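Hello,

I am passing on the structure we talked about, and below it you will find my notes on what turned up. Please have a look at it first and then read on.

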Amino acid sequence: MDAASLSRVKRRIEEWKLKLIDLSRRNRLIYFRPTRSSNIQIKRPDMRTIFERLVLKGRGWEIWQPPAETEGPGGAQGGRYPRRPKKTQLVPAETDPRQLERILRNLARRSVSEYRERGVRILYITFGMLNWREAGYPQPIQSPIVLTPIELVRKTRRDPYQIQVPAVEEEAILNPALRLKLQYDHEIELPPLPDFEERSLSAYLGDVAEACLLYTSDAADEG
């Protein structure tokens with residue numbers, strides 16, 4: 001195959017890839033809109049600690065659920081949930097025990113259902129958020145940067161939920177929808193994911209910010 005033919009094949013492949021990913025405003029991987037029923041913000045520990053245990057060490061996290069105020073000193077149902085989180089537990093920003101239980105149950109059911117029926121992972125923990133604006137879209141846009149597919153499981157209803165990376169999935173991926181959106185609509189090339197054993201997550205997120213700031217500076221210079 002000559003160079004011209006190879007170039008056409010590569011271009012066609014890129015066009016196919018683009019068509020497979022929804023870049024419209026319906027895609028929450030680009031236009032992320034938090035809702036109280038479909039996502040949970042983690043308050044602590046910090047992002048680096050969560051990422052290192054989950055991705056680099058391949059170990060899961062438990063999710064701490066605060067006991068209801070009406071429960072006894074031992075926690076829910078005689079000690080179901082401890083009143084203080086352990087070091088191996090993630091602490092959600094949501095403080096209403098019943099609402100948190102509903103969110104976790106909803107996420108667990110939906111993710112299992114989608115995977116069983118369509119073989120698609122829909123549940124991710126995200127690291128880093130790109131805050132940006134787009135011409136013709138009045139609101140600030142938030143897009144997650146690094147995604148890690150997770151399973152949300154628990155052994156029994158008395159046990160806390162746990163998150164873990166499924167055995168057959170990549171531990172971390174660059175948000176494919178965001179990458180294509182910035183590449184095709186704004187000519188911004190996000191840096192590929194590094195070997196996180198050699199370069200930290202924080203350093204990589206800094207590289208992403210620098211790439212976007214460089215584009216902003218160049219665009220301003222041209223204007």
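A word on one term before the notes: a pocket is an open set of grid points with protein on both sides within 12 Å along at least five of seven lines, and its lining residues have an atom within 4 Å of a point. Please also keep in mind that this is a predicted model.

**The largest pocket**

The largest pocket holds about 1,400 Å³ of space. Its lining is made up of 40 residues, and those nearest the centre are Phe32, Asn39, Tyr124, Ile125 and Thr126. Three elements give two or more residues each to that lining: α2, α3 (97–118) and β4.

**The three-stranded sheet**

Strands β4, β5 and β8 form an open sheet in the order β4-β5-β8, with antiparallel pairing. Because β4 and β8 (173–174) each have a single partner strand, they stand at the edges, and one side of each is left without a neighbour in the sheet. Between β4 and β5 (residues 137–149) there are nine bridges, again in the antiparallel sense. To find one of these pairings on screen, start from asparagine 131, whose bridge partner in β5 is glutamine 142.

Helix α2 (residues 47–56) packs on this sheet and touches β4 and β5, its direction making about 130° with that of β4. Helix α4 lies across β4, β5 and β8 and runs at about 20° to β4.

Methionine 129 is a useful residue to click on here, as it sits in strand β4 (residues 124–134). Is it buried or partly exposed? Its relative accessibility is 32%, so methionine 129 counts as partly exposed. Setting aside residues up to four places away in sequence, methionine 129 touches Phe32, Gln142, Ser143, Pro144 and Ile145. One of these, Phe32, is also among the residues nearest the centre of the largest pocket. The C-alpha atoms of methionine 129 and valine 146 are 8.4 Å apart, with their positions 17 residues apart along the chain.

**The five-stranded sheet**

A further open sheet has five strands in the order β1-β3-β2-β7-β6, and its pairing is mixed. At its edges are β1 (42–44) and β6 (151–153), each of which pairs on one side only. From one strand to the next, the twist averages 40°.

Inside this sheet, β2 (residues 61–63) and β3 (residues 89–92) run parallel and are joined by two bridges. Glutamate 62 stands opposite glutamine 89 in β3. Helix α2 turns up here as well: it lies across β1, β2, β3 and β7 (162–164), at about 125° to β2.

**Two helices to look at**

The buried residues of α2 are Ile50, Phe51, Arg53, Leu54 and Val55. At the start of α2, a side-chain oxygen of aspartate 46 comes within 3.1 Å of the backbone nitrogen of arginine 48. Just after the helix, glycine 58 takes a positive phi of about 65°.

Helix α4 (residues 176–186) has Ala177, Leu178, Leu180, Lys181, Leu182 and His186 buried. What caps its N-terminal end? That is asparagine 175, with a side-chain oxygen 3.1 Å from the backbone nitrogen of alanine 177. Just after α4, glutamate 187 has a positive phi of about 55°.

**Two loop residues**

Leucine 29 belongs to the loop between α1 (3–20) and β1. With 27% relative accessibility, leucine 29 counts as partly exposed. Beyond its neighbours within four places in sequence, leucine 29 is in contact with Ser143, Pro144, Leu147, Asn175 and Ala177. In sequence, leucine 29 and alanine 177 are 148 residues apart, yet their C-alpha atoms are 6.4 Å apart in space.

Proline 194 is in the loop between α4 and α5 (201–222). Its relative accessible area is 23%, so proline 194 is partly exposed. Apart from neighbours within four places in sequence, proline 194 is in contact with Arg199 and Tyr204. Proline 194 and tyrosine 204 are 10 residues apart in sequence, and 7.3 Å separates their C-alpha atoms.

Enjoy exploring it, and do write back with any questions.

Best wishes

Conventions:
Residues numbered from 1 in each chain as written. Predicted model: local features only at pLDDT ≥ 70, side-chain atom pairs only at ≥ 80, totals over all residues. Heavy atoms only, no water. Buried < 20%, exposed > 50% of the residue type's maximum accessible area, 1.4 Å probe, protein only. Helix = DSSP H or I, 4+ residues; strand = E, 2+ residues; numbered from the N terminus. Polar contact = N/O pair within 3.5 Å; in protein donor to acceptor, adjacent residues only side chain to side chain. Contact = heavy atoms within 4.5 Å. Pairing = 2+ DSSP bridges. Axes fitted to C-alpha atoms, helices over the stretch in contact; angles between N-to-C directions. 1 Å grid on protein atoms, 1.4 Å probe; cavity = no way out; pocket = protein on both sides within 12 Å on 5 of 7 lines; lining within 4 Å. Points joined across faces, edges and corners; volume = space filled by probe spheres on them.
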